[in-house]
Amino acid sequence: MNKYQDKATILAELGLSELNAGVSTGQEWFDTEGAVTASISPIDGEEIAKVKNATLEDYEMVIKKAQSAFKEWRLVPAPVRGEIVRQIGLALRDKKEALGALVTLEMGKIYQEGLGEVQEMIDICDFAVGQSRLINGVNLQSERPEHRLSEQYHHLGIVGIVTSYNFPVAVWAWNTALAAIAGDVVVWKPSSKTPITALATQKIIKDVLIANNVPEGVFNLVVAKSSVMGDNFLADNRIPLLSVTGSTAVGKRVGGIVGKRLGKTILELGGNNAVIISPKADIQMAIMSTVFGTVGTAGQRCTSTRRVIIHEDIFDEVRDKFVSAYKKIVPKIGNPLNEEYLVGPLIDNGSVELFKNAVVSVEKEGGKVLFGGHVLEGEGFESGNYVVPCIAEAENHFEIVQEETFAPIVYLIKYKGDITNAIDIQNNVPQGLSSACFTLDMREAETFLSLAGSDCGIANVNLGTSGAEIGGAFGGEKDTGGGRESGSDAWKIYMRRQTNTVNYGAELPLAQGIKFDI
């Protein structure tokens, strides 16, 4: 049972007030002179708390502190940095329930998903601890006698992190845990829609930083409007790497500005994720998994399922089972802090309008709405942010299907012939984040995963598009941006690569056998 049911209890447990400072360099908080903004809960439209935004002067102060801290932090042995990250993970464990409830209160995902988001933070801390002892280079074979050829990795400097509202704290952790063990320092700009979860996270890690004498400026938080921390943040030559989560349009702007100064980016952008259901699939498994992908987080995950590509021989059966499952979901739409509910609200009325427009658009283009697509009204739905998830029959070439609508609308698309036809439909969108295929046929499964298969950064067999583990690198291709975060060897993007050659002999041979005798 969730004991954090009301705003006051949640804020008190996390050390938050009705009015909070929005700038921190780790242990220190700064009373800024910027605009005061309020965070509004999508659950009931009520104010959660206010935050004082940063000014340009605050931004400059933070960047200078980060520069100074980097000079110290990079000299701390990586396993020692890993130990500090381990302790951050423990601090998050202690506040998992309260922070998970705040994620729910401010973002609107159900409490179980709020807990899951904090667990992701804990998991990446655990991963980073081990990685801190495995920042390994490689020894290579030199063509020259008595020469050693090798590669190693060094820290970058300041890493800028811009997070989105849908995972307001987990994406910070993905980046920060790895950046910290790499020897980098971070400057976090959270979403303007979810600043309070960021403040809470910074407060949770404070005691760890104090206990370990971490220099001020390693873990920085700046809540700011885009007029203060926008294009100037992207164009800042003092920041070698920027990790940005947002829409494809935002990513293209970021890539242009950062690319102009030849900086590095990690771009986690839009997804238009598809599930293929073969006639050789376990259909019940496919339905159960895909429904979570379509309605979980009210369709506001980057990996939410947007399209379901179904073979014509089983299309009617799968369609009817989808509609039946959605009918069971409707009574379970409500206040996400109440664990009886499975679907909460959209983040705000703007997202509701996008949802409504998508429903209208698919019908205008010749599609058919099979279920849902309307806004809920009445007791418990006063915020206007609750919708009934929509199922529509559509064709892949529809303009609205080619776009990502960040809301719970899924398009059922029919395919004929073998699995390659379904893969062609799946790949024929601008985005390339996550994909899935349900089949018990080994040849179909391996074709889907082959070089002629899914063109996405994530490709799953017999599980859905959402709910990635932290152990694998997370990210996608094409309009999804090409960035990779979290597990596997994603740590390398936070470091610079250096090739080393040591001559330990008495001769001076040149590479490629070149002769240069004086």
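Trainee: How far apart are the end C-alpha atoms of α2?

Mentor: This is a predicted model, with residues numbered from 1 along each chain as its sequence is written. Local features need pLDDT of at least 70 and side-chain atom pairs 80 or more, totals for chains, interfaces and linings use all residues, and side-chain values use heavy atoms, without hydrogens and water. Helix α2 (a DSSP run of H or I, at least four residues; strands are E, at least two; both numbered from the N terminus) has 18 residues and, at 1.5 Å a residue, should span 26 Å (1.5 Å times one less than the number of residues). The computed distance agrees with this, at 25 Å.

Trainee: Within what arc do the buried residues of α2 fall?

Mentor: Among the buried residues of α2 (under 20% relative accessible area; exposed is over 50%, partly exposed in between, with a 1.4 Å probe and protein chains only) are Asp 58, Val 62, Ala 66 and Trp 73. They line one face of the helix, because the directions from the axis to the C-beta atoms of its buried residues fall within an arc of 130°.

Trainee: Which residues are exposed on the other side of α2?

Mentor: The buried set includes Tyr 59 and Phe 70. The exposed residues on the other side are Glu 57, Lys 64 and Lys 71.

Trainee: Which residue forms an aromatic pair with Trp 73?

Mentor: The structure holds nine aromatic pairs (Phe, Tyr or six-membered Trp rings with centres within 6.5 Å; planes under 30 degrees apart are stacked, over 60 edge-to-face, the rest tilted). The pair of Trp 73 is edge-to-face, with 6.2 Å between centres and 70° between planes. Trp 73 lies in α2 and its partner in strand β10, so the pair ties together parts 146 residues apart in sequence. The partner is buried, with a relative accessible area of 3%, and is Phe 219.
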